[in-house]
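Good morning, colleagues. I should like to take you through a sheet, a helix and a pocket, and I ask you to keep the structure in view as I speak.

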Amino acid sequence: MATTIPALAYLKDGRGVERSVLPGLLTQAFADKLIPPHVVMDLLQQIPGPFARLLALFWMRETDGLIPGLHEALMQSLWIPTLPHYQGTSVENTSIDERICTTSHARRALVGRGSCFTLQLDQWCQIPAHTPLLQTPVLILGAGPSGLLTARALFDLGFRRITVLDEQGSYGGIWNSPQVQLTRTNPFALRYRGPRFSASVPPAPGSGKAMSAFFHRLVEGSGGEDDLLPAVVQAQVRGVIAGDLSHAVLLRDPSWGERIVQSPLLINALGVGVPRPLSARHSMQTDAEEQAVDQRWQEALREEDLAQWQGQRLVFVGLSASTLTMVQQAQHAIDRGYDLSYTVLTHHDPASLLDPVASGLARDVRRGDLDGLALDLPAVREAFRRLCGSQSQREQMLPQVAHWSIRQEGDGNRSLMATSKQDQVLVLPALARVYGLLGYEQPIHTLNACGIGVIEGRALVDVDGEVQAAHERHVHRGYFALGPVALGHPNANSLPGILYRVGELLPTLIARAAEYTTIARS
């Protein structure tokens, strides 16, 4: 056996892990995750079936979830560690995710680079209601897709002391916004399968309405009152003091003002964050103030607005999924006879635009790399090709833009001046609307306030989402980051990526619950 990757990576090798070494690999993986041996033994004695099935489904990504005799073999393991110890580095985390992509195992076809089609929790995963670890409190920050999926998964496993906090006071997060109804970028049919019900998103390009219906179904469960997720508590999270199985959250709510709540298990799922800055060192620079930009996100182009903008131009700063949503609408308006023009500004060079998959500009669904433009979808791809192939100033892409600015003209109109990296200057007059579509992210200062470190644009979290501490090899036991707060991790913002990471954290979270229960008893 090679000795260049940790045990957690070998567990995900679909080319077949020898059953004789499997218990040893799992034993070392527990040790690498700083899960005490007595906690593992307690889990194997209390819930041998559910724990073994969760390990098979998620740590090993065996999609049928069956490893015969796994818990008995683990009880007898006398493994002496021989592989490098997992340190939670970005290189290691990448190797663990890539270990799934490089396999040709047929049953793993639904799992890609940190993404999956389905999160499945059947009746064999359910933990008996009398199990003490189910009484462990769980606090979830954020009720968007990440928080909602985590709450549903934990609820279906048997946890009931779940509290969900969200500034809006409701489930759904960004998908409650009417602008999201325009979005049609999910790459394939997505499913959640619980022990009592299932919910799904139709095949691509499923609409924003279909996504919203999916989330609503997750909240309701099977439809009975005993399967309804707990109501969201409205509160704004101000910061986190991370510890070990004891984490303090500073929050502000309408009723009590500022207060501190504590929980042994904490999942930070705070959502998309705020618009990225208009100026970026490795992208485009601008001297324009934030208020000079009319909109920082996509919106529906209404008929009354299109009629008012006759003879004027829309400018989309940045090349993102939202940009192509707006481009499709602008192209449709032009095709219907509106006298409208539009321009897209991007820092990308012509070669990247010519081969967007190879350059990383577009996502690669076959590899499970879903962070780029959705050019695999016919409507999005056709809009992109039309934009890039246009020779008309009415529909234009400006590549390699280094700087742009907006100025107010004497007649009350606005113009935009774009300067390329070759110092070529183009002035765009008669602006109807300027969109800053550079994406969203959680600011580093927000992550730091929540006890999450960031190095070189990557949040310091383990592959299962557990947050790393600042010194040596240590984690804040029981504190997990999921979704956009896992900044820089593959597919952190996509629903398939969130489905994957929820599964990854479940075995570790259950182990932390068992560890907390042991401590509380002593």
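Let me begin with a term: two strands are said to pair if DSSP finds at least two bridges between them. Please also bear in mind that this is a predicted model.

With that criterion, consider strand E18, residues 401-408, and strand E19. They pair in the antiparallel sense over seven bridges. Two of the contacts are easy to locate: Val 401 has Ser 420 of E19 as its bridge partner, and Gln 408 has Arg 414 of E19. Together E18 and E19 form a hairpin with five residues between them. In that turn, Gly 412 has a positive phi of about 95 degrees.

What lies on from E19? Strand E20, residues 425-428, runs antiparallel to E19 and is joined to it by four bridges. Here Ala 418 is matched with Leu 426 in E20. E19 and E20 also make a hairpin, now with four residues between them, and Asp 423 in the turn has a positive phi of about 65 degrees.

These strands belong to an open sheet of four, in the order E14-E18-E19-E20, with mixed pairing. The edges are E14, residues 285-286, and E20, each of which pairs on one side only. Is E19 itself mostly covered or mostly open? Strand E19, residues 414-420, is mostly covered, with six of its seven residues buried.

I turn now to helix H14, residues 495-521. How does its span compare with expectation? At 1.5 Å a residue, the 27 residues of H14 should span 39 Å, and because the end C-alpha atoms are 38 Å apart, the two values agree. H14 nevertheless has a kink of about 35 degrees at Leu 506, shortly before the proline Pro 507. Like E19, this helix is mostly covered: 22 of the 27 residues of H14 are buried.

Finally, the second largest pocket, which has a volume of about 330 Å³. Helix H10 (321-335) and helix H12 (378-389) are the elements that give two or more residues to its lining. The largest share, four residues, comes from H10. In total, 17 residues line this pocket, and those nearest its centre are Leu 182, Arg 184, Thr 325, Gln 328 and Gln 329. What is the character of the lining? The residues divide into nine nonpolar, six polar and two charged.

Thank you for your attention.

Methods. Residues numbered from 1 in each chain as written. Predicted model: local features only at pLDDT ≥ 70, side-chain atom pairs only at ≥ 80, totals over all residues. Heavy atoms only, no water. Buried < 20%, exposed > 50% of the residue type's maximum accessible area, 1.4 Å probe, protein only. Expected span 1.5 Å × (residues − 1). Bend = angle between axes of the 7 residues up to and from the residue. 1 Å grid on protein atoms, 1.4 Å probe; cavity = no way out; pocket = protein on both sides within 12 Å on 5 of 7 lines; lining within 4 Å. Points joined across faces, edges and corners; volume = space filled by probe spheres on them. Nonpolar A, V, L, I, M, F, W, Y, C, P; charged D, E, K, R; others polar.
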